[in-house]
Amino acid sequence: MTWTSHAAALVSKAWQRLYYLRQSRKFRVSPRILQCFYSAAAESILSGNITIWLGNCSAQDKKALQRVVHSTKRTMGTSLAPQQELYIRRCNSRANKIM
């Protein structure tokens, strides 16, 4: 499996889960519950092993991942951390655990 196919699979899974987020938004579910659902259903997929694969992704793959996050921002009406910021935070966390 290449990094491109891995990123495409992640994006596909995230879009599938964001369908339920959009449906919940239509039913006027509170923003706090939407945030919890996003964290549990979509963000966990996008951030799983991010320290390994994001650094090796192409610019096109990173753009596709960021498109999912941006779409979620618009759906929820809140700000979310970009993938690159999450990547840096996780790398620093892992480096601190090593030291």
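How many aromatic pairs does the count come to? Just one aromatic pair turns up, taking rings of Phe, Tyr and Trp (its six-membered ring) as paired if their centres lie within 6.5 Å. The rings of Y19 and Y20 have centres 5.3 Å apart and planes at 80 degrees, so the pair is edge-to-face (over 60 degrees; under 30 is stacked, the rest tilted). Y19 is partly exposed, at 40% relative accessibility; that label covers values between buried, under 20% relative accessible area, and exposed, over 50%, with a 1.4 Å probe and protein chains only.

A word on the source: this is a predicted model, where local features need pLDDT of at least 70 and side-chain atom pairs count only at pLDDT 80 or more, while totals for chains, interfaces and linings use all residues. Residues are numbered from 1 along each chain as its sequence is written, and side-chain values use heavy atoms, leaving out hydrogens and water.

**Overall build**

The protein has five helices and zero strands, with helices being DSSP runs of H or I of at least four residues and strands being E runs of at least two, numbered from the N terminus. The radius of gyration is 14 Å, close to the 13 Å from the globule rule for 99 residues, so the protein is as compact as a globular protein of that length (taken over C-alpha atoms; the rule is 2.2 Å times the number of residues to the power 0.38). Buried residues make up 31% of the 99.

**The core**

The largest nonpolar core holds 23 residues, and Y38, L46 and W53 have the most contacts inside it. Such a core is a set of buried Ala, Val, Leu, Ile, Met, Phe, Trp, Tyr and Cys residues joined through side-chain atoms within 4.5 Å. At least two core residues come from each of α1, α2, α3, α4 and α5, and α1 gives the largest share, six residues.

Here are two residues with their contacts (heavy atoms within 4.5 Å), not counting neighbours up to four places away in sequence:

| Residue | Contacts |
|---|---|
| L46 | L10, A14, Y38, W53, L65, V68, V69, Q83 |
| T72 | L18, L21, Y38, L80 |

**A closer look at T72**

T72 sits in helix α4, residues 59–76. At a relative accessible area of 1%, T72 is buried. A polar atom of its side chain lies 2.8 Å from the backbone oxygen of V68.

Definitions and conventions: A polar contact is a pair of N or O atoms within 3.5 Å; within protein, one must be able to donate a hydrogen and the other to accept it, and residues adjacent in sequence count only if both atoms are side-chain atoms.
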